[in-house]
Amino acid sequence: MHSGAFIAMAGLALAVSAPTLAAPLAEPIKPVPATLKQDPARAEIGRQLFSDTRLSGNGKVSCVSCHDPTKGGVDGRERSIGWSGKTTGVNAPTVLNAALNFRQFWNGRAASLEEQVVGVVQNPVEMGSKWDDVVVKIAREPKYRDAFAAAYKDGVTKVNIQNAIATYERTLITPNSRFDRFLLGDRNAITEEEKAGYVKFKQYGCIACHQGVNVGGNMFQKFGVMGDYFNQRGNRTDADMGRYLVTGDEGDKHVFKVPSLRKVALTAPYFHDGTAKTLEDAVDVMFRYQLGRVASKEDKAAIVKFLNTLTGEVGGKP
C-alpha cells in the first residue's frame with residue numbers, strides 16, 4: 001500500500017476513534033485545570049524535600065510518610081504516626097489538589113501551602129523539628145546547595161525551603177478525571193448510572209458544600225448540622241472543636257473546612273476523625289448528620305458511583 005494512503009487511513013482511523021465532543025457543560029462543579037504552571041526547578045527541589053526525612057526531628061519521617069501521592073495523597077490510617085511514634089490528632093487530609101483549597105488543615109488555620117509547611121515541620125507530634133536545624137541540614141547537602149543557588153537568588157533559606165515544597169504541592173493536581181471529561185463535552189465518559197448518581201448528588205443537596213473546581217475545599221461548615229454527630233460517636237477530643245481552636249468563637253465549634261471530593265475513592269478512611277472506613281459509610285453519615293434526609297440504598301449507591309468518577313490523574317497517571 002502506498003505510504004501516503006496508509007497515513008491517510010491512519011488519520012481517518014484516529015478521527016473515527018476520537019470521542020465526539022459536545023459543548024462543555026455549565027455545572028456547579030468545574031474541571032481541574034491541566035496545570036497550575038509552576039517553576040519546574042523549584043518544583044523538583046520540593047519533590048525531593050517532600051521525601052526527605054531530614055525535615056523531621058529524628059530523621060524518621062518525611063512529608064510523604066503521611067501524604068503519599070501514589071496512595072491518594074494520604075497514608076490510609078485513621079490517625080498518622082508522627083516522628084516519635086505518637087499519633088496525630090486528626091486524619092491526614094490528602095495533599096492531592098490541596099493547592100485548590102481556600103485554606104489548609106481541617107480547621108483552616110493556614111492560609112497558604114507555605115504556611116502549612118511551616119506548621120507541619122515544627123509540630124511537636126508530626127515532624128518535631130526546628131527550622132534553624134532544617135536549614136542547616138539541607139544547606140549541608142551539596143545537591144541541595146547547588147539546586148537552591150540555581151533556583152533562588154539567596155539559596156537555601158527557611159522561606160525558600162517552604163516555597164519549594166509548596167511549589168511541588170501545586171503540581172499535585174488531578175486533571176482529566178472521567179467526570180471532568182464529561183463536563184468538557186465527552187458525554188460517554190461516564191455511564192448512565194454515574195450520571196444518575198450526579199443528579200442525585202445535586203437533588204439531595206450535597207452540591208451545596210461540594211462544588212467548584214475541587215468539589216469542596218472552598219468553605220467552612222459545621223459537622224453535625226442536622227444532628228449531634230459527636231455525642232453519638234462519643235470519645236470527644238480537642239480536635240473535634242474544629243475551627244474554634246483557631247478563632248475562639250463559640251460559633252466555630254465543630255466547624256471544619258469542607259474536604260475536597262477529588263480522588264475521594266482513594267482517600268479512606270474519611271472525616272477529620274477517620275471514623276468512616278468506606279465511602280459508603282461516609283455517605284451514610286452525611287445523609288444523617290449534614291442533610292437530615294433519608295435516601296434509598298439505590299440512591300446512595302448511585303452517588304458513590306458518581307464519586308468514583310472524580311478520580312483524576314497525577315502526573316498523567318491515574
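The legends below accompany an overall view and close-up views of a predicted model.

**Overall view: the protein chain carries 13 helices and two strands.** The radius of gyration is 22 Å, close to the 20 Å that the globule rule gives for 318 residues, so the protein chain is as compact as a globular protein of that length. Along its principal axes the C-alpha trace spans about 65 × 60 × 30 Å, and buried residues make up 46% of the 318 residues. Of the contacts with a separation of 6 or more, 67% are between residues 24 or more positions apart.

**Close-up of helix H2, residues 40-50, and its buried residues.** Ala-43, Ile-45, Gly-46, Leu-49 and Phe-50 are buried in this helix; seen down the axis of H2, the buried residues fall within an arc of 160°, so they line one face of the helix. They pack against helix H3 (63-66), helix H5 (131-139), helix H6 (142-151) and helix H7 (158-169).

**Close-up of the N-terminal end of H2, capped by Asp-39.** A side-chain oxygen of Asp-39 lies 3.0 Å from the backbone nitrogen of Ala-41.

**Close-up of His-67, in the loop between H3 and helix H4 (113-122).** With a relative accessible area of 19%, His-67 is buried, because the cut-off for that class is under 20%. Leaving aside residues up to four places away in sequence, His-67 touches Phe-50, Gly-73, Val-74, Ala-92, Pro-93 and Val-95. A polar atom of the His-67 side chain lies 2.9 Å from the backbone oxygen of Pro-93, while the C-alpha atoms of His-67 and Val-95, which are 28 residues apart along the chain, are separated by 5.9 Å.

Terms used:
Residues numbered from 1 in each chain as written. Predicted model: local features only at pLDDT ≥ 70, side-chain atom pairs only at ≥ 80, totals over all residues. Heavy atoms only, no water. Buried < 20%, exposed > 50% of the residue type's maximum accessible area, 1.4 Å probe, protein only. Helix = DSSP H or I, 4+ residues; strand = E, 2+ residues; numbered from the N terminus. Arc of directions from axis to C-beta. Contact = heavy atoms within 4.5 Å. Polar contact = N/O pair within 3.5 Å; in protein donor to acceptor, adjacent residues only side chain to side chain. Rg over C-alpha atoms; globule rule 2.2 N^0.38 Å.
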